[in-house]
Amino acid sequence: MTSKSIVALEGVAKTYGAFTALHPTDLAIAEGEFVTLLGPSGCGKTTTLRLIGGFEQASAGRISISGQDVTERAPYHRPVNTVFQDYALFPNMSVSDNIGYGLSVKSNNVPKAERAKRVGEAVTLVGLEGMAHRRPGELSGGQRQRVAMARAIVRRPRVLLLDEPLSALDVKLREGMQVELKRLHRELGITFLMVTHDQTEALALSDRIVVMNQGRISQIGSPIELYDNPANPYVADFIGGANLVPAELIGRDGDTAAFRIGNGMVVRSRRATAMREPGRRITLGIRPERFVAATSGATNSLECVIRESLFHGDRLRLELGLDGITMPLFAELPRTAVSSPSGVEPGSHITLLVDPDDVMVFNAKEDQE
Ligand SMILES: Nc1ncnc2c1ncn2[C@@H]1O[C@H](COP(=O)(O)OP(=O)(O)OP(=O)(O)O)[C@@H](O)[C@H]1O
């Protein structure tokens with residue numbers, strides 16, 4: 001753990017009987033960071049959060065918060081607080097009583113006047129002025145979410161744990177609350193650790209994202225690092241999406257390597273500087289939005305058959321067939337890039353080009369990561 005880490009996991013693992021939900025994991029989170037645990041259902045992100053919160057006991061390893069070993073401590077004796085997915089509000093208590101509850105319990109008995117002051121501040125911070133006397137049943141989903149946030153921050157934890165905090169909200173409200181979360185993080189200056197399976201949310205909010213896969217950390221990085229330089233095909237596909245195509249190295253010309261895909265088509269990449277051995281099998285990654293419509297025969301162009309075209313407002317998402325490649329490829333083009341309506345009819349042909357700087361190259365073995 002570095003001196004600036006506020007949360008540190010060293011070799012932390014969790015097993016349930018014979019099943020390993022979290023393999024031995026190291027993770028260091030700096031004070032004030034907004035870190036997101038991201039991954040598909042079952043990858044171990046909630047387990048990691050619950051281990052830090054103290055709701056699960058680690059099977060191995062050590063968890064430190066603010067430099068203190070809390071591995072054996074109960075949730076209430078850790079300087080963290082959790083916002084739960086379902087908010088877990090008391091239905092018969094007012095908004096202000098819900099928010100102040102944590103301050104009034106025996107182990108954390110804050111004097112009444114101080115309690116009222118802190119609750120008032122929290123109510124203002126989350127924008128619930130005028131609603132302090134309502135019960136949760138008299139609030140909208142977004143307002144209930146704000147109560148849950150206020151209740152978690154009123155105890156002034158060093159670290160706020162957020163378990164899919166926006167998942168109960170509809171899409172429009174979610175976007176609004178994402179802005180709120182970001183603002184709260186900035187104003188409070190405390191460390192946020194959030195779990196989500198929504199990559200857009202993770203990209204929009206986080207200083208760093210921890211991408212998890214099958215109980216292991218697959219990559220940690222800033223949103224830009226993960227999008228621009230994914231370490232493996234799993235991250236490339238999970239963050240932003242990528243066409244992953246098996247390929248074979250033909251040779252290279254200076255900084256540009258040439259690969260064969262499908263029935264002999266050639267794709268060039270400038271992102272494979274170390275690869276020299278012709279015949280080497282790798283996986284190419286091309287993001288759908290990196291394709292541009294081109295004229296036939298251009299360098300690094302692919303002749304594709306349009307299988308399906310989906311209208312996305314200003315963009316079209318095309319499902320494409322390539323000779324000798326069984327799985328479909330996807331391209332996202334500006335609507336204006338496809339001039340005639342018949343150009344997107346299923347069965348019609350299109351030439352797509354990709355810049356060699358945008359062709360990612362992964363070792364084939366990394367497919368498993
Ligand atoms: N109490 C438990 N007993 C047995 N297995 C469990 C228990 N809790 C979690 N698991 C298993 O551990 C794995 C990781 O679960 P976890 O809840 O951390 O996943 P997750 O990535 O948060 O997924 P989700 O987004 O669905 O919540 C899953 O396969 C899950 O079935």
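**Asp253, domain arrangement and ligand shell**

In this predicted model, Asp253 is exposed because only 8 other C-beta atoms lie within 10 Å of its own, and a residue counts as exposed if that number is 12 or fewer. Asp253 belongs to strand β11, which covers residues 243-253. Along the chain, Asp253 and Arg270 are 17 residues apart, and the distance between their C-alpha atoms is 9.9 Å.

At the level of the whole protein chain, two domains are assigned, with domain 1 covering residues 5-237 and domain 2 covering residues 242-367. The C-alpha centres of domain 1 and domain 2 are separated by 39 Å. Where the two domains are in contact, five residues are contributed by domain 1 and eight residues by domain 2. On the side of domain 1 that touches domain 2, three residues are nonpolar, one is polar and one is charged.

The ligand is surrounded by a shell of residues made up of Tyr16, Phe19, Ala21, Gly39, Ser41, Gly42, Cys43, Gly44, Lys45, Thr46, Thr47 and His197. Two elements, strand β2 (19-30) and helix α1 (45-53), each provide at least two residues of this shell, and α1 makes the greatest contribution, with three residues. When the residues of the shell around the ligand are sorted by character, seven are polar, four are nonpolar and one is charged.

Definitions and conventions. Residues numbered from 1 in each chain as written. Predicted model: local features only at pLDDT ≥ 70, side-chain atom pairs only at ≥ 80, totals over all residues. Helix = DSSP H or I, 4+ residues; strand = E, 2+ residues; numbered from the N terminus. Buried ≥ 20, exposed ≤ 12 C-beta atoms within 10 Å, placed from the backbone. Domains from an automatic or database assignment. Contact = placed C-beta atoms within 7 Å. Nonpolar A, V, L, I, M, F, W, Y, C, P; charged D, E, K, R; others polar. Near = placed C-beta within 6 Å.
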